[in-house]
Amino acid sequence: MLIMKGKGNTCEYCSGQGYFQLLLGGSETCNGCDGSGKTGEKS
């Protein structure tokens, strides 16, 4: 089992970037953090 841990409250799905780079071009906003790159604290 692989457990990914981020630094502090960094989103573990997008590594704090807030988006994913798509293979065919463009990007998609991370659903895990809604594009903020952080988890837990939402303003």
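The dialogue below walks through a few features of this predicted model.

Biologist: How many helices and strands does the protein chain have?

Modeller: The protein chain has 0 helices and 2 strands. Strand 1 covers 19-21, and strand 2 covers 27-29, which gives us two landmarks for placing the residues we discuss.

Biologist: What share of the residues of the protein chain counts as buried?

Modeller: Of the 43 residues, 14% count as buried. The accessible surface of the chain comes to about 3,800 Å², and 51% of that surface belongs to carbon and sulfur atoms.

Biologist: Is Cys14 buried or exposed, and how should I read the value?

Modeller: A residue is called buried when its relative accessible area is under 20%. Cys14 has a relative accessible area of 4%, so Cys14 is buried. Cys14 sits in the segment before strand 1.

Biologist: Which residues is Cys14 in contact with, once its neighbours within four places in sequence are left aside?

Modeller: Cys14 is then in contact with Tyr19, Phe20, Cys30, Cys33 and Gly37. Distance in sequence and distance in space can be read side by side for Cys14 and Asn31, which are 17 residues apart in sequence, while their C-alpha atoms are 9.2 Å apart in space.

Biologist: How many disulfides does the count come to?

Modeller: The rule asks for a pair of cysteine sulfur atoms within 2.5 Å, and by this rule the count comes to 0 disulfides.

Biologist: Why is the sulfur of Cys11 not counted as bonded to the sulfur of Cys14?

Modeller: The closest cysteine sulfur to that of Cys11 is in Cys14, but because it is 3.7 Å away, it is too far for a bond. The sulfur of Cys33 likewise has its closest cysteine sulfur in Cys14, at 3.7 Å, and this too is too far for a bond. Cys11 is buried, with a relative accessible area of 1%, and Cys33 is buried as well, at 2%.

Biologist: What does the phi of Ser15 look like, and how should I read its sign?

Modeller: Most residues other than glycine have a negative phi. The phi of Ser15 is near 60°, a positive value in a residue other than glycine. Ser15 lies in the segment before strand 1, and its relative accessible area of 57% makes it exposed.

Biologist: What is the phi of Asp34, and where is Asp34 found?

Modeller: The phi of Asp34 is near 55°, again a positive value in a residue other than glycine. Asp34 is found in the segment after strand 2, and at 54% relative accessibility Asp34 counts as exposed.

Conventions: Residues are numbered from 1 along each chain as its sequence is written. This is a predicted model: local features need pLDDT of at least 70, side-chain atom pairs count only at pLDDT 80 or more; totals for chains, interfaces and linings use all residues. Side-chain values use heavy atoms; hydrogens and water are left out. Helices (H or I, at least four residues) and strands (E, at least two) are DSSP runs, numbered from the N terminus. Buried means under 20% relative accessible area, exposed over 50%, partly exposed in between (1.4 Å probe, protein chains only). Contact means heavy atoms within 4.5 Å. Accessible areas come from the Shrake-Rupley method with a 1.4 Å probe; for residues, only the protein chains shown count as cover.
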